[in-house]
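Subject: The structure to look at

Hi,

Here is the structure I promised to pass on. Have a look at it first, and then read on for what turned up.

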Amino acid sequence: MCRLYALNDCVVQWTISTPPTTQPAERVTELCKQRELMSMLSGAEQQQLSASVMGSIEEPAVVTAQRSPVSPRSDHISFLEGHNLYVWGGCQCVDGQETFLPSDEIWLYDMESGVWSLRHMGGEVPPVLSQACGAYLQGMLYIFGGCDINGHTNTMYCVDLLGVEYSWKKVTDTVGGTPSPRVRHSCWVYKNRLIYFGGYGCKTVREVNNSKSFMVDETSWATIGSDFFQFWGWNNEVHMFEPVTATWTEPQTQGQPPEPRSSHASTTLGHKGYICGGLEMQMIDIHCLDLVTWTWTQIEHQAASFPWGRTLHTLTAISDDTLFLFGGLSTSGDVLSDGWEFNTKTREWREKDHAHKDKPRLWHSADKGRDSDVVIFGGSQTYHFVMDSVAVLRSPSQNHCADVLVFQTQPYSLSRLCEDCIGKHIFSVQEQASWLPAKLQKTIGKRISYFRANAQNIDAGSLVHKGGP
């Protein structure tokens, strides 16, 4: 079966365009109301109103620029810890050229206040990487594999994000067989272990002959030197790394494994690891691996409605029995904006209505947030491919994104509804807000900052689509 996107420096050319992002009607109405109120006041009255609200509500520093300080990006790594979204690496498009972002910095986004902050990193800083796999475990961020300026790699780096200084360390002196170099693989985190699946990479003739988990990409094998061949292709291997002992093992799995693949989506739910997509198939497939018995199960769909096949999408566990799928690139070349929930008990897909239908994404990141929200960051709205007689190459996308999208997957608590309502409508309730307890005032101050930052980003997006600065 042919796989879409065999990106080993190789070649189909299509360009996907999407309509300009528009502001939701309710947001436009709210902004108009706030601006109308402020326009009716003199400059002194505006300052007095602001002082009356902020004098009693402690508000953190807000984003003053018209655009997010974070560079638009795809192919990055993100995770949520507490109320902070961490974003590392990725690629961006500058003057039509795709460039990779520094690996000696990490951005933090406060989900409560909407404020970005930058932290610099030192130590044994990894080279700039593309298509690497990141995992967060007990305060440590682990980066494995990917592609640097010298090609595909199987090196691992880690950094302690709980310390005062963020200092990278190259993981060396490991025990066991390190997986072969690879890109676009995935990782499950389970019981202090990192469990890697799949990916695209290279193997020698001997490795290929001895492997039942590798499918050769016949369009992109290459001669290395003059003595032997190195083959490129996809795998469905499972490798486990235990950080405490720095040990690599390859568990012997049972059952029918998924077909070799890359650019798929994965998530951990309980003691099972799920993967879906990554193949050129009309209907998406979904598999799970029991991380205790190491048994594979292919899950058959029980409903007539299901997502189309795709790659470069995300899958997020949002409850004890529900997974959330968003976006990706379809087999026909469309950038998708659909959201789906999969019930692992009933084995049914259900398409979910959401407020971000006008924001298609691929190669974005997704993390579970507060109240089972799914937090999407970055990604691309368009994608380009170039094809010749040798292979398939990705060319620069002109529409990388830097916005944070929040998908509500369950009803909010009354306290959160009240906090958000006051944050959105502070001009109408500034006096009443000043009566709240100090601790709650601090919370409300962050929500005011959050919605203000979102409004600024919406305005900035409008300026961009109108040709503004």
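Let's start with a small puzzle: which residue in E23 does Leu269 stand opposite? The partner is Lys272. Keep in mind that this is a predicted model, not an experimental one.

That pair belongs to a hairpin made by E22 and E23, with two residues between the strands. In the turn you'll find Gly270, which has a positive phi of about 65°. E22 and E23 run antiparallel and are paired over five bridges. E23 covers residues 272–276, and four of its five residues are buried. E23 also has five bridges to strand E24 (residues 286–290), again antiparallel. Here Cys276 sits opposite Ile286. If pairing is new to you, strands of a sheet are held together by backbone hydrogen bonds, in a parallel or antiparallel way.

Now for the pocket. E22 comes up again, as it gives the most to the lining of the second largest pocket: five residues. This pocket has a volume of about 1100 Å³ and a lining of 39 residues. Nearest its centre are Ser78, Gly134, Ser266, Ala366 and Asp367. Several strands supply at least two lining residues each, including E1 (77–81), E7 (133–137) and E14 (186–190). As for chemistry, the lining has 18 nonpolar, 17 polar and four charged residues.

E1 and E7 also share a sheet. It is an open one with eight strands, in the order E1-E2-E5-E6-E12-E11-E8-E7, and its pairing is mixed. E1 and E7 are the edge strands with a single partner each, so one side of each has no neighbour in the sheet. On average, neighbouring strands here are turned by 25° against each other, ignoring direction. The partner of E7 is E8 (residues 140–144), joined to E7 by five bridges in the antiparallel sense. Look for Cys133 there, opposite Phe144.

There is a cavity to find too. The largest cavity has a volume of about 70 Å³. Among the residues lining this cavity are His76, Trp88, Leu101 and Gln131. Its lining counts five nonpolar residues, four polar and one charged.

Last, a helix. Which residues of H4 (residues 414–424) are buried? They are Arg416, Glu419, Asp420 and Gly423. Looking down the axis of H4, you see these buried residues fall within an arc of 95°, so they line one face of the helix. The general rule is that an α-helix has 3.6 residues a turn, so residues three or four places apart point the same way.

Cheers

Note on methods: Residues numbered from 1 in each chain as written. Predicted model: local features only at pLDDT ≥ 70, side-chain atom pairs only at ≥ 80, totals over all residues. Heavy atoms only, no water. 1 Å grid on protein atoms, 1.4 Å probe; cavity = no way out; pocket = protein on both sides within 12 Å on 5 of 7 lines; lining within 4 Å. Points joined across faces, edges and corners; volume = space filled by probe spheres on them. Nonpolar A, V, L, I, M, F, W, Y, C, P; charged D, E, K, R; others polar. Pairing = 2+ DSSP bridges. Axes fitted to C-alpha atoms, helices over the stretch in contact; angles between N-to-C directions. Buried < 20%, exposed > 50% of the residue type's maximum accessible area, 1.4 Å probe, protein only. Arc of directions from axis to C-beta.
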